[in-house]
Amino acid sequence: MEVGENTAAALEVATTFAELGLAPEILRALDDLGYRIPTPIQKQAIPLVLAGRDLMAQAQTGTGKTAAFALPLLQKMLAHANTSASPARHPVRALVLTPTRELAIQVHESVVDYNKNLPLRSTVVFGGVDMKAQEAILRGGVEILVATPGRLLDHAGSKMVQLSQVQFLVLDEADRMLDMGFLPDLKRILNLLPTKRQTLLFSATFDDSIVGLAKSFLQNPLKVEVARRNTAAELVEQVVHRVDEVAKLDALLQIIKARDISQALVFTRTKIAADKLGRRLQKHGVPTGIIHGDKAQVERLAALDGFKQGKVQLLVATDIAARGLDIVDLPCVFNFELPYAAEDYIHRIGRTGRAGASGLAISLVSPEEDRLLVAIRKFINRDLVEAPLPAIAPPRPVAVATPVAAVEQPDATQPRLGRPRREPVCALLQPPLKPAQPDQAV
Ligand code: AMP
């Protein structure tokens, strides 16, 4: 099986839905929904689906996976969109199978949202309700059919639905379909479909049974994957400081001093913001490297080397640039700006706390970013501790009674910037400013 992570990563360059090549009717619908930028799974999957490839995608609900398959399928079906009243002009072209009625309903609602400016017809069928109403809609013709396997077979058995013109098959939450014993039903459905079709498989896990399913259902699939929920989130201490946008730089400097952080990766959303922050930090005398897509390779390597050698204290990076960074054991990550996609938050904090080591992720959140924080909390399914900014210890009096202690205690008020130091890279060994709550702090 071809594993196309490189291909997928290379294609993850588009930053807007328009750049992904979607039609204006679809872009308008996304705009109405408030989707501004594609999520990572959308960036990876949409170009591959448009290119006609079969796909094995490891992505959970919450990553934007529905749009990742629905948008390119709508785009591909545009050529067949028509307003004819004849059912024959609306054969089922895209079949989306889901394990549960709840997911079927949810997926169909999204399809309706994305499809609202197009004359393509869609419906959803699932068990546990009367078949008659579903039959009436099926008889009228639908291009997009979302279904649970059992009920689909019922309709196919009574010739209410014809699947011989299906061009696109989506298996959503395939792992759950197998867990729920749907394999025999899936095989029966497969026999009703043309062999020449494009198949997209979405699953939260990729164990042997899913790979087996992919072998019999997919042709030469590419594999794409996005962050799993709760893996990094469980290992990393996560702190949120509420700070106005204009006060973020001072807050960052204050935290570094108060927590005695000698090295950290600092995330911004855009290259422009990375450049600006990097320059401002340098002006404040902080040895700072900047890494983003517009930097020449030599500049990036120099920044990275400086960081690895301890000469660079802060490395400011954008999400995509940071993905390829080979830095192990990074104890501290700052979100100077929260990412637009909640999933990128997991990628970012996954840069710290690796291999079971404790890690620290500090987010500076302005009121304008409230919405993003809500999405992140929902995505990681945990609360995030909000804390006041840590205070910098006041300078000690010159004449102290215990000179020995004064010598042994590092003076937090003295600038330590530029002093290369490898151990400890981040002062996590000091008692945390606020005791970590097992339920909340991670
Ligand atoms: P899903 O993983 O498909 O269940 O999507 C999770 C939620 O994210 C849904 O409420 C979608 O409407 C929303 N969503 C999907 N893609 C985007 C996007 N690019 N921008 C904003 N919200 C999105």
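This is a short talk on the fold of one protein chain, with a parallel sheet at its centre of attention.

Hi everyone, thanks for coming. Before anything else, please keep in mind that what you see is a predicted model.

Let me start with the whole chain. There are 442 residues, and 53% of them are buried. The chain is built from 18 helices and 14 strands. It exposes about 20200 Å², with carbon and sulfur atoms supplying 54% of that area. How do the contacts spread along the sequence? If we take contacts between residues at least 6 apart, 77% of them join residues at least 24 apart.

Now to the sheet. It is open, it has seven strands, and the pairing is parallel. Reading across, the order is β10-β11-β9-β12-β13-β8-β14. Which strands stand at the edges? Those are β10, residues 288-291, and β14, residues 385-386. Each has a single partner strand, so one side of each has no neighbour in the sheet.

Let's stay with β14 for a moment. Its pairing with β8, residues 236-242, is parallel and runs over two bridges. If you want to find one of them on screen, look for V240, whose bridge partner in β14 is E386.

Helix α17, residues 370-380, packs on the sheet here, where it touches β8, β13 and β14. The direction of α17 makes about 160 degrees with that of β8.

And one more helix, please: α12, residues 248-259. This helix lies across β8, β9, β11, β12 and β13, and runs at about 155 degrees to β13. So much for the tour; happy to turn the model around for anyone.

Technical notes: Residues numbered from 1 in each chain as written. Predicted model: local features only at pLDDT ≥ 70, side-chain atom pairs only at ≥ 80, totals over all residues. Heavy atoms only, no water. Pairing = 2+ DSSP bridges. Helix = DSSP H or I, 4+ residues; strand = E, 2+ residues; numbered from the N terminus. Contact = heavy atoms within 4.5 Å. Axes fitted to C-alpha atoms, helices over the stretch in contact; angles between N-to-C directions. Buried < 20%, exposed > 50% of the residue type's maximum accessible area, 1.4 Å probe, protein only. Areas by Shrake-Rupley, 256 points an atom, 1.4 Å probe, with all protein chains shown as cover.
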